[in-house]
Amino acid sequence: MNPRAARQTTRLIPLLTVALLGLAALTVHADPVVETVHLVVTGGPNAGTWDGSEERGGCSAGMTGPGSWGNQFSLPKEKDPAKFNSLQLIVPDAKKAASGTKEFLILFRFGPLIGKNTEYNIETRPAEAKKKGSGSVTVDDRGATAKVSFNVTSGEGYKFEGTIDCKSIIRGS
């Protein structure tokens, strides 16, 4: 190699090193997990144990009304029609739910979010005309984090039991 080419190569090595380190940092960086869900389904075509975590969505307080509790868990990339991919929860009174409440809306979805999927809707809120299913939801609000436990039965008689571990909470006014 001629001396001029050697000097140019020597100058490029630090630049390439910095570029590669930057690229490596981008590839190992991942958004923090905001929630994890553990779900056990007894009965029906989706029976089994399901676990998931996500970096978006999550738990909320006061977003669906004063004193309410909510959750939005979705795995939009999940396309398998047999796999758990979504849990939505609305509890009108989070304080009442601290010791367990029988007033809530919880939805479980299996399969893609859009298109053909299976949804189980358990609606027990008093203001709603069409009630389906039964059970209880407990909200342990710890301020910056929370744990939600549920033990519910759909109108079809399938049982859904599990937890939502909230790593962060979005709080409304």
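The following exercises, each with a worked solution, deal with the predicted model shown above.

Residues are numbered from 1 along each chain as its sequence is written. In this predicted model, local features need pLDDT of at least 70, side-chain atom pairs count only at pLDDT 80 or more, and totals for chains, interfaces and linings use all residues, while side-chain values use heavy atoms, with hydrogens and water left out.

**Exercise 1. The elements**

State how many helices and strands the protein has, and give their order.

Step 1. Helices (H or I, at least four residues) and strands (E, at least two) are DSSP runs, numbered from the N terminus.

Step 2. The protein has two helices and eleven strands.

Step 3. Starting at the N terminus, the order is α-β-β-β-β-β-α-β-β-β-β-β-β.

Step 4. Buried means under 20% relative accessible area, exposed over 50%, and partly exposed in between (1.4 Å probe, protein chains only). Of the 173 residues, 33% count as buried.

Step 5. A contact means heavy atoms within 4.5 Å. Among the contacts with a separation of 6 or more, 45% come from residues 24 or more positions apart.

**Exercise 2. The disulfide**

Find which residues form the disulfide and which parts of the chain the pair ties together.

Step 1. A disulfide is a pair of cysteine sulfur atoms within 2.5 Å. The structure holds one.

Step 2. The partners are Cys59 and Cys166, with sulfur atoms 1.9 Å apart.

Step 3. Cys59 belongs to strand E3 (residues 58-61) and Cys166 to strand E10 (residues 159-166), so the pair ties together parts that are 107 residues apart in sequence.

Step 4. The angle about the S-S bond is -65°, and the link of Cys59 and Cys166 is left-handed. Both Cys59 and Cys166 are buried.

**Exercise 3. The largest pocket**

Describe the lining of the largest pocket by residue, by strand and by class.

Step 1. On a 1 Å grid over the protein atoms alone, a pocket is an open set of points where a 1.4 Å probe fits, with protein on both sides within 12 Å along at least five of seven lines; lining residues have an atom within 4 Å of a point.

Step 2. The volume of the largest pocket is about 260 Å³, a volume being the space filled by probe spheres set on the points, which are joined across faces, edges and corners.

Step 3. The lining consists of Asp31, Ser53, Glu54, Glu55, Arg56, Gly57, Gln72, Phe73, Ser74, Leu75, Pro76 and Lys77.

Step 4. Strands E2 (48-54) and E4 (69-74) each supply at least two lining residues. The largest share, three residues, comes from E4.

Step 5. Ala, Val, Leu, Ile, Met, Phe, Trp, Tyr, Cys and Pro count as nonpolar, Asp, Glu, Lys and Arg as charged, and the others, Gly among them, as polar. The lining then has three nonpolar, four polar and five charged residues.

**Exercise 4. The nonpolar core and Tyr120**

Name the residues of the largest nonpolar core that touch the most other members, then describe Tyr120.

Step 1. A nonpolar core is a set of buried Ala, Val, Leu, Ile, Met, Phe, Trp, Tyr and Cys residues joined through side-chain atoms within 4.5 Å.

Step 2. The largest core has 30 residues, of which Trp69, Leu87, Leu89 and Phe108 touch the most other members.

Step 3. Not counting residues up to four places away in sequence, Phe108 touches several residues, including Leu39, Phe84, Tyr120 and Phe160.

Step 4. Tyr120 lies in strand E7 (residues 118-123). Tyr120 counts as buried because its relative accessible area is 4%.

**Exercise 5. Gly70 and Arg171**

For Gly70 and Arg171, decide which is buried and which is partly exposed, and list their contacts beyond four places in sequence.

Step 1. Gly70 lies in strand E4. With a relative accessible area of 3%, Gly70 is buried.

Step 2. Leaving aside neighbours within four places, Gly70 is in contact with Gly58, Cys59, Ser60 and Leu89.

Step 3. Arg171 lies in strand E11 (residues 169-171). Its relative accessibility is 42%, so Arg171 counts as partly exposed.

Step 4. Leaving aside neighbours within four places, Arg171 is in contact with Ala61, Met63, Asp141 and Gly143. Arg171 and Ala61 are 110 residues apart along the chain, yet their C-alpha atoms are separated by 4.8 Å.
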